[in-house]
Amino acid sequence: MADPTALLAAARAHFDNMRGKSIEVPEWGAEGAPAVVKFDPPTLRMRQNITARSGGKRSREMAVTVILCARDAEGKRLFQDDAPTLAALENEVDPKVVARLYAEIIGLTSEADLGN
């Protein structure tokens, strides 16, 4: 039987290694210099908060995830957590970009990684 303390330590170390990832967003950057969005994967508690705030709407879940998880190089939130920002991400921003950020943040496999 595995040592529960060692197993929990390994699980924590695994999650720590997932922090500090980044994705380039050419659509949001200057020509030749894509914007870089840094993020940590959401914890279960944060995912619960996102689900509760989403009201069962997938588009809202994507937008809230980006609002709460997207960071700049210094680790500061890129977006305000307010109604105007949520409305903008849901209605005035390319949904493919928001969906791509969401997929990266929550760790979904990209289509490119799936193969044929």
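These legends walk through a predicted model of one protein chain, starting with the whole chain and then moving in on its helices and a loop.

**View 1. The whole chain, with its 6 helices and 2 strands.** Start here to get your bearings. Reading from the N terminus, the elements come in the order α-β-β-α-α-α-α-α. Measured out along the principal axes, the box filled by the C-alpha atoms is roughly 55 × 35 × 35 Å. The chain has 116 residues, and 24% of them count as buried. Its accessible surface is about 8,000 Å², with 52% of that belonging to carbon and sulfur atoms. If you look at contacts in the chain with a separation of 6 or more, 48% of them join residues 24 or more positions apart.

**View 2. Helix α2 packed on helix α3.** Here α2, made of residues 44–54, sits with its axis 9 Å from that of α3, at an angle of about 135 degrees. Angles over 115 and up to 145 degrees fall in the oblique class, so α2 is oblique to α3. The two helices make a right-handed crossing. On the α2 side, look for Met46, Asn49, Ile50, Arg53 and Ser54; they meet Arg60, Glu61, Val64, Thr65, Leu68 and Cys69 in α3. Sorted by class, the residues of this contact come out as 5 nonpolar, 3 polar and 3 charged.

**View 3. Helix α3 packed on helix α4.** Now stay with α3 (residues 58–69) and turn to α4 (residues 83–91). Their axes are 9 Å apart, and the packing angle is about 125 degrees. That makes this pair oblique. As α3 passes α4, the crossing is right-handed. From α3, the contact takes in Ser59, Arg60, Ala63, Val64, Val66 and Ile67. Facing them from α4 are Thr85, Leu86, Leu89 and Glu90. The tally for this contact of α3 with α4 is 6 nonpolar, 2 polar and 2 charged residues.

**View 4. Helix α3 again, this time with helix α5.** The partner in this view is α5, which covers residues 95–106. The axes of α3 and α5 come within 9 Å and cross at roughly 65 degrees. An angle of 65 to 115 degrees counts as roughly perpendicular, and so α3 is roughly perpendicular to α5. This crossing is left-handed. The α3 residues to find are Arg58, Glu61, Met62, Ala63, Thr65, Val66 and Cys69. Their counterparts in α5 are Val98, Ala99, Leu101, Tyr102, Ile105 and Ile106. By class, the contact of α3 with α5 holds 10 nonpolar residues, 1 polar and 2 charged.

**View 5. Gly75, in the loop between α3 and α4.** After the helix pairs, here's a single residue to look at. Gly75 lies in the stretch that links α3 to α4. Its relative accessible area is 41%, and because partly exposed covers the range between under 20% and over 50%, Gly75 counts as partly exposed. Look for Lys38 too: Gly75 and Lys38 are 37 residues apart in sequence, yet their C-alpha atoms are 7.4 Å apart in space.

Key
Residues numbered from 1 in each chain as written. Predicted model: local features only at pLDDT ≥ 70, side-chain atom pairs only at ≥ 80, totals over all residues. Heavy atoms only, no water. Axes fitted to C-alpha atoms, helices over the stretch in contact; angles between N-to-C directions. Helix = DSSP H or I, 4+ residues; strand = E, 2+ residues; numbered from the N terminus. Parallel < 35°, antiparallel > 145°, perpendicular 65-115°, else oblique. Left-handed = near helix turned anticlockwise from the far one by under 90°. Contact = heavy atoms within 4.5 Å. Nonpolar A, V, L, I, M, F, W, Y, C, P; charged D, E, K, R; others polar. Buried < 20%, exposed > 50% of the residue type's maximum accessible area, 1.4 Å probe, protein only. Areas by Shrake-Rupley, 256 points an atom, 1.4 Å probe, with all protein chains shown as cover.
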